[in-house]
Amino acid sequence: MTTQDFIGKENFNIRTQTVSESCPSNIALIKYWGKYADQIPANPSISYTLNHCKTNTSMEFIANETFSVQTFLAGNEEVKFAEKIEKYFRNIEQYLPWILKGKYVIRTENTFPHSSGIASSASGFGAIAKCLMALDASFTGKKSEEESLRKASFLARLGSGSACRSLYNGLVVWGKTDEVSGSSDLFGVQYPDAEIHEVFKNFNDWVLLIHEGQKSVSSSVGHGLMKTNPYAERRFQEARENFVPMKEILKKGDMESFIKLVEHEALTLHAMMMMSEPAFILMKTGTLEVINKIWDFRRETKLPLFFTLDAGANVHLLFPGGAEDQIKSFIEAELLQYTQKNGVVKDVMRF
Ligand code: DP6
């Protein structure tokens with residue numbers, strides 16, 4: 001499929017209407033870090049969709065008023081966010097030709113703490129794209145579930161790259177790779193269920209909130225710095241190559257190799273930040289303390305507790321459902337001390 005396939009119909013029938021949608025966040029295992037024009041990723045990525053961490057959004061469209069956007073986050077008006085959405089809507093007009101023909105009031109709420117480092121842009125743009133597709137169905141006629149989700153994923157990507165993976169449950173791939181049939185740079189696709197071992201279908205993600213403040217460098221700036229990073233091409237190549245063992249690991253249920261690959265991806269992401277010009281570090285002391293404690297724990301107990309990191313200081317603790325009790329007690333006793341205000345968001349993967 002190409003961008004042309006997503007161009008919207010010129011005959012539409014608009015009317016004032018409110019729609020509400022909800023979309024979960026996701027956590028990448030093979031990371032997207034670096035992109036080209038029009039939100040084309042430099043390498044393919046794969047993520048788990050979360051279950052409880054979601055954004056709930058209601059969108060009121062007032063037909064035939066001058067185009068404007070007003071946004072409220074947890075009841076408080078957010079002017080900066082409204083400006084961002086306004087720009088985004090202008091940018092996607094060719095895909096939804098009715099989009100600038102009215103006024104919007106958007107109310108949005110996250111089920112997880114603000115600035116927790118959980119990707120609110122992923123669930124946020126996912127929910128907005130779903131609302132837009134709900135309005136589109138009403139103005140231009142209903143599409144199949146498959147077509148509507150694919151276009152929502154396409155539109156979400158143009159808001160925030162990782163958001164396109166949040167439209168599907170389970171493991172989701174974004175970016176063209178020969179290892180996953182149907183994969184595309186333009187939208188996310190669900191990783192085939194039959195290719196995933198049972199052990200990876202029941203998984204926990206507990207997010208340790210090490211640092212809840214504003215990040216010193218945003219993801220968009222970080223992606224931009226990959227343009228001049230001398231290691232970027234090697235990194236993009238490695239991420240592409242990592243799909244080969246990942247496919248095998250997922251099929252066989254090879255936990256040991258999964259842990260190694262996922263932690264390597266997380267550390268590589270942060271290594272890229274340290275090798276950028278200018279360099280930046282998003283990990284905090286607590287992040288490193290937690291990583292070392294996890295490694296000690298694994299050495300001593302051989303239990304499958306491991307981590308991944310987003311573009312921030314917080315640590316996503318990953319462990320399969322089942323061998324949980326000893327892992328949970330260890331987290332409570334040894335790792336919570338590194339969080340601000342004992343902050344932990346307990347989630348599971350959504351299958
Ligand atoms: C480290 O999707 O937030 O979480 O496309 O500029 O909105 P934009 O960036 P964003 O980047 C996410 C980067 C990451 C890795 C990942 O989710 O794959």
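**Exercise 1. The shell around the ligand**

Task: In this predicted model, determine how the residues of the shell around the ligand divide into nonpolar, polar and charged.

Solution. Step 1: The shell around the ligand holds 16 residues, and the closest are Tyr32, Ser160, Gly161, Ser162 and Arg165. Step 2: Sorted by character, the shell consists of 5 nonpolar, 7 polar and 4 charged residues.

**Exercise 2. Polar partners of the ligand**

Task: State which side chains place an N or O atom at 2.8 Å or 2.6 Å from an oxygen atom of the ligand, and give the distance for Ser162.

Solution. Step 1: In the side chain of Lys35, an N or O atom lies 2.8 Å from a ligand oxygen. Step 2: For the side chain of Ser160, the corresponding distance to an oxygen atom of the ligand is 2.6 Å. Step 3: Ser162 has a polar side-chain atom 2.7 Å from an oxygen of the ligand. Step 4: On its own, the ligand has 460 Å² of accessible area, of which the protein covers 91%.

**Exercise 3. The ligand and the domains**

Task: Work out where the ligand lies with respect to domain 1 and domain 2.

Solution. Step 1: The domain assignment of the protein chain gives domain 1 as residues 3-26 + 51-169 and domain 2 as residues 198-348. Step 2: Between the C-alpha centres of domain 1 and domain 2 there is a distance of 29 Å. Step 3: Both domains give residues to the shell around the ligand, and therefore the ligand lies between them.

**Exercise 4. The surroundings of Thr49**

Task: Locate Thr49, decide whether this residue is buried or exposed, and name its contacts beyond four places in sequence.

Solution. Step 1: Thr49 belongs to strand 4, which spans residues 45-63. Step 2: The relative accessibility of Thr49 is 0%, and buried means under 20%; Thr49 therefore counts as buried. Step 3: Apart from neighbours within four places in sequence, the contacts of Thr49 include Pro24, Ser25, Asn26, Arg165, Tyr168 and Met349.

**Exercise 5. Two positive phi angles**

Task: For Asn64 and Lys302, find the phi value, the loop and the exposure.

Solution. Step 1: Asn64 is not a glycine, yet its phi is positive, at about 65°. Step 2: The loop that holds Asn64 runs between strand 4 and strand 5 (68-73). Step 3: With a relative accessible area of 64%, Asn64 is exposed. Step 4: Lys302, also a residue other than glycine, has a positive phi near 65°. Step 5: Lys302 is found in the loop between helix 7 and strand 11 (306-309). Step 6: A relative accessible area of 66% makes Lys302 exposed.

**Exercise 6. The loop between helix 6 and helix 7**

Task: Describe Ser276 and Pro278, which are placed in the loop between helix 6 and helix 7.

Solution. Step 1: The loop in which Pro278 has its place is bounded by helix 6 (255-274) and helix 7 (285-301). Step 2: From Glu277 to Pro278 the peptide bond is cis, with omega near 0°. Step 3: Ser276 has a place in the loop between helix 6 and helix 7 and counts as buried at 4% relative accessibility. Step 4: A polar atom in the side chain of Ser276 is 2.9 Å from the backbone oxygen of Met272. Step 5: Beyond its neighbours within four places in sequence, Ser276 is in contact with Leu225 and Asn229.

Methods. Residues numbered from 1 in each chain as written. Predicted model: local features only at pLDDT ≥ 70, side-chain atom pairs only at ≥ 80, totals over all residues. Heavy atoms only, no water. Helix = DSSP H or I, 4+ residues; strand = E, 2+ residues; numbered from the N terminus. Buried < 20%, exposed > 50% of the residue type's maximum accessible area, 1.4 Å probe, protein only. Contact = heavy atoms within 4.5 Å. Domains from an automatic or database assignment. Near = heavy atom within 4 Å. Polar contact = N/O pair within 3.5 Å; in protein donor to acceptor, adjacent residues only side chain to side chain. Areas by Shrake-Rupley, 256 points an atom, 1.4 Å probe, with all protein chains shown as cover. Nonpolar A, V, L, I, M, F, W, Y, C, P; charged D, E, K, R; others polar.
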